Amino acid sequence: MAESAAQPAPPALPVTFRPTRTRVVLLGVGLAMFTTITAIALLLENLSPGERISFVFTAVLLSSVLVLLSRPKVVADESGVTVVNLTNTRRLEWAQILRVNLRPGDPWVFLDLSDGTSLPALGIQPGIAKQQAIGDARALRALAETHGTGTGDH
């Protein structure tokens, strides 16, 4: 495979990787859902104030879930990588990242770490933008090889 032999040049730092199309869809649907449910709550004449509030609360709750799902990103800078997943954020030094993996069928990138564990990085996921995810994974891999140990032997 000539394509994998020729590593792309790493992008300039800092760089943020995130599933942009997925994020746009999630935030768009969240906004549309909140607007629709709130409009229904205001337009239905037979609802009490408490029922209207419960409609709006439900709209906020459902939209919040979609905002949470749009949160993942991977931020690379000179000193390392910050992985922001759904509910947690983890800061890694470059030397901690041994390998960046995105195998066919993987839902997102996995980072093999020097402590023997693997960390999912939901900020790079094929989903509806497979080519972007492949390019982002290659860029992060090139950065890890340039700034990290450059080997997987640790």
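In the predicted model, the buried residues of helix H2 are Thr-22, Leu-26, Gly-30, Ile-37, Thr-38 and Ala-41. Part of the cover over these buried residues is provided by helix H3, which comprises residues 49-69. Helix H2 itself comprises 24 residues, from 20 to 43. At 1.5 Å a residue, a helix of this length should span 34 Å, and the end C-alpha atoms of H2 are indeed 34 Å apart, so the expected and computed spans agree.

The packing of H2 against H3 was examined next. The two helices meet at an angle of about 180 degrees, and their axes lie 9 Å apart. Because angles over 145 degrees count as roughly antiparallel, this angle makes H2 roughly antiparallel to H3. On the side of H2, the residues in contact include Leu-26, Gly-30, Met-33, Phe-34, Ile-37 and Ala-41. On the side of H3, the contacting residues include Arg-52, Phe-55, Val-56, Ala-59, Ser-63 and Leu-66. Sorted by class, the contact between H2 and H3 has 18 nonpolar, three polar and one charged residues. Several residues of H2 appear in both descriptions: Leu-26, Gly-30, Ile-37, Thr-38 and Ala-41 are buried and also belong to the contact with H3.

Strands of a sheet pair through backbone hydrogen bonds, in either a parallel or an antiparallel sense. One open sheet of the model has four strands in the order E1-E2-E3-E4, and the pairing is antiparallel. Strand E1 (15-17) and strand E4 (89-93) stand at the edges of this sheet; each has a single partner strand, so one side of each is left without a neighbour in the sheet. Neighbouring strands are turned against each other by 15 degrees on average, direction ignored.

Within this sheet, strands E2 and E3 run antiparallel and are joined by five bridges. These two strands form a hairpin with two residues between them, and Ala-76 stands opposite Val-81 in E3. Strand E3 (residues 80-84) is also joined to E4 by five bridges, again in an antiparallel arrangement. Here Val-81 has Leu-92 of E4 as its bridge partner. Val-81 is thus paired with Ala-76 and with Leu-92. The hairpin of E3 and E4 has four residues between the strands. Five of the five residues of E3 are buried, so this strand is largely enclosed by the rest of the structure.

The approach to edge strand E1 contains a cis peptide bond, which joins Leu-13 and Pro-14 with an omega of about -5 degrees. Pro-14 is placed in the loop between helix H1 (2-5) and E1.

Another open sheet has three strands in the order E5-E6-E7, likewise with antiparallel pairing. Its edge strands are E5 (97-101) and E7 (118-121), each of which pairs on one side only. From one strand to the next, the twist averages 25 degrees. Strand E6 (residues 109-113) and E7 pair in the antiparallel sense over four bridges, and the bridge partner of Leu-111 in E7 is Leu-119. The hairpin formed by E6 and E7 has four residues between its strands, and Gly-116 in the turn has a positive phi of about 90 degrees. Strand E7 has two unlike faces: Leu-119 and Ala-121 form the covered face, whereas Ser-118 and Pro-120 form the uncovered one.

Helix H4 was found against both sheets. In the sheet of four strands, H4 (residues 130-147) lies across E1, strand E2 (73-77) and E3, and runs at about 140 degrees to E1. In the sheet of three strands, H4 lies across E5 and E6, with an angle of about 165 degrees to E5.

Notes: Residues numbered from 1 in each chain as written. Predicted model: local features only at pLDDT ≥ 70, side-chain atom pairs only at ≥ 80, totals over all residues. Heavy atoms only, no water. Expected span 1.5 Å × (residues − 1). Buried < 20%, exposed > 50% of the residue type's maximum accessible area, 1.4 Å probe, protein only. Contact = heavy atoms within 4.5 Å. Axes fitted to C-alpha atoms, helices over the stretch in contact; angles between N-to-C directions. Parallel < 35°, antiparallel > 145°, perpendicular 65-115°, else oblique. Nonpolar A, V, L, I, M, F, W, Y, C, P; charged D, E, K, R; others polar. Pairing = 2+ DSSP bridges.
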